[in-house]
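Colleague: I am new to this structure and would like to know what stands behind the terms used for it. Please go through them one by one.

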Amino acid sequence: MKFTNGQWLTREGYQIHHPAEVRSCTIRDGVITILAPVVPIHHRGATLGGPVLTLTISTPFADVIRIQAAHYTGGLDKGPAFELNSPGNPDAAITDDGNEIVLTSGKTSVSIQKKNGWKISFSYDGKRLTDSAARNLGYIVGPDKKTYFREQLALGVGESIYGLGEHFTPFVKNGQTVDLWNEDGGTSSEQGYKSIPFHLSSRGYGVFVNSPGLVSYEIGSEKVSRTQFSVEGESLDYFIVAGGNPKAVLQNYTALTGKPALPPAWTFGLWLTTSFTTNYDEQTVMGFVDGMAERDLPLHVFHFDCFWMKEYHWCDFEWDPDVFPDPEGMLRRMKAKGLKICVWINPYISQTTDMFEEGKSGGFLLKRPDGSVWQWDMWQPGMGVVDFTNPAACEWYAGKLKGLMDIGVDCFKTDFGERIPTDVVYFDGSDPVKMHNYYTQLYNRCVFDLLVKERGVGEACVFARSATAGGQQYPVHWGGDCWATFESMAESLRGGLSLTLSGFGFWSHDIGGFEDTAHPSVYKRWAAFGLLSSHSRLHGSSSYRVPWMFGEEAVDVVRHFTKLKCSLMPYLFGTAVETAKTGIPSMRAMLLDFPEDPACDMLDRQYMLGDSLLVAPVFREDGQVQYYLPEGRWTNILSGKTVEGGKWRNETHDYFNLPLMARPNSLIPVGSNNSVPDYDLANDVTIHLFELSDGANATVNIPGLDGRTELSVSVTRSGSTLAVESNGVGKPWKLMLRGIADIHGATGSVTEATEQGTLVVPAPGTGSFSILL
């Protein structure tokens, strides 16, 4: 939202009041409170009227600083509010030398200038991050007497801004206007399903705006040297989140808003769905399941989309008896084949259902101000919307889902939650405008909490489309309605990378595209991309997504990459465990791992999958791909070819290959099972060592299915000697020295030359040994 007319003028009808000076300051219990008049005070008479802004500066924990600015403070806070973790920071220090007040939290400091005008500066370890100077912070009155607060933080030369949730517009947000307002707009528009008021800077800090309602951003747009954000109302609350590098910033941000839960290992396998408007019954479904098995296509989760329920009955959570007369028996037969079951749901209740009448009489649906149920005909006839601020409504809704779980459903696709009306009254009195974006948090939490209650911690998973800040606690999220084109495949990746730079740890997308039917080339390239994402689902709108619909080669491609993903589960699930602990996403933009390489700042057609694998999907039918490798000697783990980094590469790949590059100085574990994702990951695992340089160390931890480490291996190189340490004395494992054909010897182990390199098998019970290259 813009408030100015060029550099000098304010837009007609708007008044902007800026803090002019620090008039008074108090320090109490680690909190700085400042009174800032909007005009310089040269004499007592100037204090008689006019807005005075109150700023409160504090720190919830190390390297995070909170700024709260307010005009009137007597308003009612109806909620909702983000649930933030604030353990306190007893080590924070505040100094006041008469010229400036400085609060230091960890290595992060905020300095408030007390003389010569207005300026607040932020630094990390003595280096400037950003600042808010004269005419940046502003309290604004509009022509309709609505009020706003605006902040403008300095945007340095070469500084790039990322995040703000899952948006499909250009990856680097500089130059864009972004309004955070959840919409059901698909992946080909400026709208987004997941609006997260957090942006990450390439300078090693982030900013979280603590407002669940509409936050409007002007990122180097209204004022090209500033990142601006504004909210409606009488106050503004934001956090500067530092840490020294982008990964540390995300660790601190997710410490504030919540770490991602660890999804169960089975969710990392291949998901297949009925698609949306296609015709299907048990015979169709079992035909798909058996067809996958007959073609040796590993399948792990089957999803029933909307029409598992009767038309016009979404959602009453009752199987359509004409199509699925024996759902419990059907699910039992499917689970006997080793499948997990997911069903589609949303928070809307059609007027044609008994459940609508239950919701109406129980007070479980959103109401209009006159007390009637809010309804419209968009999506379902006369549908109402569940009011998740009502604990009884949550219990009622979850009870319906429990009935599905009792007959074999394992997880839920929590679709929709974006088109939430604002002309409504909530049970708890929440502000309906702020609830528009926040609604999805209550919806997904209700479902996720039920899954935890019924299946246990570590066994809960939703497949969610909408989200707000904190939604990362309830994984997994997918990218929404994309088209079956290479362009939409690329925009999906852009949105996913933006989301994972916004604190979300796990992300998926519809392999082959949702709308329309993909050309076989798009389907096959998307299959490779999808099966090298954290979660992998074949799903469409009006046509099926089973591989044989796209040709026999598509079957071979899906089989190839599904088995590859299953074999990589010791690495992928180990990465997921770290994501749950740290908040660092499993699938992430290059800049997170290579913040000192400026070539990585703009990269949005490739990504890191964990610490050690670089993935560059192919977005062309002819197989050509251009991608960038940072410094070092990288190895394509599919072909075994090694190449030097620090440059761009142009390559051509068939459908069974793509740039899947192992980072130098990496240990990548490959499992003994390529058919399922949830096996004994540490048993008989082969750990591949790539390009370990002299003096370097590489360590890998391989978890069990409960997330606890079962095998830890460390390799250190000193000259021609590799020193290997392991705690894995209970299960057999092997070490593959990739690209090393010959060695001079090894202690405590047996060696064998292979096409990939030298295989080293430790003797049973060996905890440490050495290898002479």
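Modeller: What follows is a set of questions about terms, each answered from the predicted model.

Colleague: Why is threonine 468 called buried?

Modeller: Its relative accessible area is 1%, and buried means under 20%, so threonine 468 meets the term. The residue sits in the loop between helix H6 (432-455) and strand E28 (477-478).

Colleague: Which residues does threonine 468 touch?

Modeller: Leaving out residues up to four places away in sequence, threonine 468 touches Phe82, Ser195, Ile196, Asn437, Tyr438, Thr440, Gln441 and Phe504. A contact here requires heavy atoms within 4.5 Å.

Colleague: What makes H5 and H6 oblique to each other?

Modeller: Helix H5 (residues 391-406) packs against H6 at an angle of about 50°. Angles under 35 degrees count as roughly parallel and 65 to 115 as roughly perpendicular; the angle of about 50° is in neither range, so the pair is called oblique. The axes are 10 Å apart, and H5 passes H6 in a right-handed crossing.

Colleague: Which residues meet where H5 and H6 pack?

Modeller: From H5 there are Cys394, Tyr397, Ala398, Leu401, Lys402 and Met405. They meet Tyr443, Cys446, Val447, Leu450, Leu451, Glu454 and Arg455 in H6.

Colleague: How many residues has the largest nonpolar core, and which have the most contacts inside it?

Modeller: The largest nonpolar core has 197 residues, and Phe304, Met334 and Tyr397 are those with the most contacts inside it. H6 gives the most to this core, with ten residues. Apart from this core lies another, of 42 residues, including Ile34, Ile67, Ile112 and Val207.

Colleague: What is phenylalanine 304 in contact with?

Modeller: Neighbours within four places in sequence aside, the contacts of phenylalanine 304 include Trp319, Phe324, Met330, Met334 and Trp344.

Colleague: Why is strand E18 described as largely enclosed by the rest of the structure?

Modeller: Five of the five residues of E18 (residues 205-209) are buried, so the description applies to this strand. Both of its faces are covered, with Tyr205, Val207 and Val209 on one side and Gly206 and Phe208 on the other.

Colleague: How do you know that E18 pairs with strand E17 and with strand E21?

Modeller: Two strands pair if there are at least two bridges between them. E17 (residues 194-201) and E18 have four bridges, in the antiparallel sense, and leucine 200 has glycine 206 as its bridge partner in E18. E18 and E21 (residues 235-241) also pair in the antiparallel sense over four bridges; there, valine 209 is partnered by tyrosine 238 in E21. Both pairs therefore satisfy the requirement.

Colleague: What lies between E17 and E18?

Modeller: The two strands form a hairpin with three residues between them, and glycine 204 in the turn has a positive phi of about 90°.

Colleague: What makes E40 and E47 edge strands?

Modeller: They belong to an open sheet of five strands in the order E40-E41-E45-E48-E47, with mixed pairing. E40 (666-670) and E47 (749-753) each have a single partner strand, so one side of each is left without a neighbour in the sheet. The twist averages 25° from one strand to the next.

Colleague: In which sense do E41 and E45 pair?

Modeller: E41 (residues 685-690) and E45 (residues 733-738) pair in the parallel sense over five bridges. In E45, tryptophan 733 is the bridge partner of valine 685.

Key. Residues are numbered from 1 along each chain as its sequence is written. This is a predicted model: local features need pLDDT of at least 70, side-chain atom pairs count only at pLDDT 80 or more; totals for chains, interfaces and linings use all residues. Side-chain values use heavy atoms; hydrogens and water are left out. Axes are lines fitted to C-alpha atoms, for helices over the stretch in contact, and angles run from 0 to 180 degrees between N-to-C directions. Buried means under 20% relative accessible area, exposed over 50%, partly exposed in between (1.4 Å probe, protein chains only). A nonpolar core is a set of buried Ala, Val, Leu, Ile, Met, Phe, Trp, Tyr and Cys residues joined through side-chain atoms within 4.5 Å. Angles under 35 degrees count as roughly parallel, over 145 as roughly antiparallel, 65 to 115 as roughly perpendicular and the rest as oblique. A crossing is left-handed if the near helix is turned anticlockwise from the far one by less than a right angle, and right-handed if clockwise.
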